[in-house]
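Work through these exercises with the model open beside you. Try each task before you read its solution.

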Amino acid sequence: MKRGESHMFEKEEKNLSELKKMYENLPFPEDKIDEAILTGFKKAKEMPEVIVKTRRKKWLFSGLIAAVFIIGFLTSIRVSPVFASYVSSIPGMEKLVELISDNKGLMLAVENEYIQEINTAQEKNGLKVTFDSVIADEKGMVIFQTIEAKKKQEKFYVNDLKLESADGTELELGSYSYGAHKPHGELRTKEMATMDFFFEEPLKTKEFTLTFTVETNDYEEDFRFLFTLEKPLKATKTIEMNKTILIEGQKITIKNIKIYPLRVAVHVVMDPENSKKIFTFEDIRLVDENGEAWTKIANGFTASQLNDNEHILYLQSYYFKEPKELYLVMNKLQAVDQEDAYVKVDIENEKIINQPKGNKLTDLKVENGRISFILSTEKEFNHSLFVSMRDANGKEIDRSSFYWTGDNNGKREIGVEFPSGKYSNPLELKLSSFPEWIEGNIKIKVK
């Protein structure tokens with residue numbers, strides 16, 4: 001950029017510099033990562049309990065759509081002329097920066113012009129949706145959109161979200177999520193959001209159809225967008241690892257690391273002979289020679305499970321920044337004893353037969369197709385505990401939703417709703433998380 005053009009981006013540089021200072025004042029997530037992640041859920045705690053339940057049930061019914069509160073622990077934002085140019089040239093980019101400011105990979109993708117502006121709008125009966133832009137790679141896509149209503153609304157729900165190939169070829173969608181810029185409950189006329197898609201197989205098409213329904217307090221309309229990816233998809237980079245580590249006697253093999261523009265995928269395999277069931281890698285991260293870390297993705301997909309012992313963990317991407325040295329670091333894993341990887345309940349006598357040590361689950365209630373507990377923890381714990389349930393005969397029970405309420409002095413109600421019917425007693429609820437951990441000090445050289 002020529003010297004005389006630098007004044008063009010003074011406003012953008014100032015805004016980004018202020019944002020950078022804000023994040024620099026936050027503690028580095030090396031030992032505070034859990035606390036930082038959980039702050040994003042504090043808004044939910046402040047809402048009336050019944051609202052939290054109702055919304056959670058609604059999101060689950062609408063198909064794996066999760067409203068995510070934006071939180072930030074980005075340690076640095078480099079304000080470059082290229083990035084400032086993008087901020088000034090694309091409508092609404094300042095708000096887009098806020099939307100992705102907790103994800104270094106997306107910020108780097110924008111800075112390196114790996115974002116495609118769409119800027120197509122549709123308006124129906126008081127609702128306007130603008131398809132702002134998109135970032136895509138071989139296995140994922142992030143769509144940025146803006147929803148506007150003619151009068152202030154409390155809720156902006158996106159339901160029945162579907163992404164398909166324009167020629168009708170089915171896309172192998174692994175999962176998807178919807179993330180809002182502002183927390184639900186605040187009266188507003190506009191909401192910026194992201195639609196995050198993950199594909200089971202690499203994309204073979206560049207033309208797509210996106211359909212969804214927008215529901216607010218006063219409006220409900222269907223929208224359909226056709227769009228084409230114009231930019232070539234960056235090739236995936238793979239680092240073969242095949243290294244086994246040991247944390248409190250538990251063997252874990254790091255098979256490989258795949259680097260995409262949108263995320264880094266770490267393939268881990270737990271030894272089936274391990275004495276503990278590992279649920280979550282709480283603070284796994286990549287750290288370069290300068291101590292800069294690429295942590296777990298806060299708003300979006302954090303992991304996928306290939307089977308009970310094989311997971312893919314997703315971190316922020318360093319695709320557009322090549323470190324000289326790189327290390328995979330982990331210290332804390334969520335885990336329970338294998339024999340306690342489920343909760344067994346006697347629904348006739350309202351009694352807990354089995355649960356992980358510590359008896360953190362109490363006050364079992366069974367009524368009107370709902371099983372509920374009180375979970376007591378020393379620190380706030382924002383995870384859904386259960387992934388599935390079955391009766392004593394091994395019959396899988398369809399559940400309408402798992403739910404949990406806001407934390408109240410270390411206690412919260414959690415539970416599951418399921419259809420009425422006859423079930424063989426007792427019931428078994430398979431755990432997907434629990435407030436028990438193992439710790440170590442693992443640092444593996446990646447490059």
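Four exercises on this predicted model follow, each with a worked solution.

**Exercise 1. The open sheet**

Task: Find the order of the five strands in the open sheet, and say why one side of β9 and of β15 is left without a neighbour.

Solution:
- Step 1. Trace the sheet across. The order is β9-β10-β11-β16-β15, and the pairing is antiparallel.
- Step 2. Go to the edges. β9 (237–247) and β15 (303–307) stand there. Each has a single partner strand, so one side of each has no neighbour in the sheet.
- Step 3. Check the twist. Ignoring direction, neighbouring strands of this sheet are turned by 20 degrees against each other on average.
- Step 4. Pick one pair. β11 (residues 264–270) and β16 (residues 310–315) run antiparallel and are joined over six bridges. Across this pair, Val266 stands opposite Leu313 in β16.

**Exercise 2. Thr189 and its surroundings**

Task: Decide whether Thr189 is buried, partly exposed or exposed. Then list its contacts beyond its neighbours within four places in sequence.

Solution:
- Step 1. Locate the residue. Thr189 belongs to strand β6 (residues 188–199).
- Step 2. Apply the cut-offs. Buried means under 20% relative accessible area, and exposed means over 50%. Thr189 has 34%, so it counts as partly exposed.
- Step 3. List the contacts. With neighbours within four places set aside, Thr189 touches Ile147, Glu148, Ala149, Lys151, Lys152 and Phe156.
- Step 4. Compare sequence with space. Gln153 is 36 residues from Thr189 in sequence, yet their C-alpha atoms are 6.0 Å apart.

**Exercise 3. Helix α7**

Task: Count how many residues of helix α7 are buried, then inspect what lies at its start and just after it.

Solution:
- Step 1. Count. Eight of the eight residues of α7 (residues 104–111) are buried, so the helix is largely enclosed by the rest of the structure.
- Step 2. Name some. Among them are Lys104, Leu106, Leu108 and Glu111.
- Step 3. Look at the start. A side-chain oxygen of Asn103 comes within 3.0 Å of the backbone nitrogen of Gly105.
- Step 4. Look past the end. Just after α7, Glu113 has a positive phi of about 60 degrees.

**Exercise 4. From a loop to the helix**

Task: Which side chain makes a polar contact with the side chain of Glu292?

Solution:
- Step 1. Find Glu292. This residue sits in the loop between β13 (285–288) and β14 (293–294).
- Step 2. Judge its exposure. Its relative accessible area is 16%, so Glu292 is buried.
- Step 3. Follow the side chain. Glu292 makes a polar contact with the side chain of Lys104 (3.3 Å).
- Step 4. Link back. Lys104 is one of the buried residues in α7.

Key
Residues numbered from 1 in each chain as written. Predicted model: local features only at pLDDT ≥ 70, side-chain atom pairs only at ≥ 80, totals over all residues. Heavy atoms only, no water. Pairing = 2+ DSSP bridges. Helix = DSSP H or I, 4+ residues; strand = E, 2+ residues; numbered from the N terminus. Axes fitted to C-alpha atoms, helices over the stretch in contact; angles between N-to-C directions. Buried < 20%, exposed > 50% of the residue type's maximum accessible area, 1.4 Å probe, protein only. Contact = heavy atoms within 4.5 Å. Polar contact = N/O pair within 3.5 Å; in protein donor to acceptor, adjacent residues only side chain to side chain.
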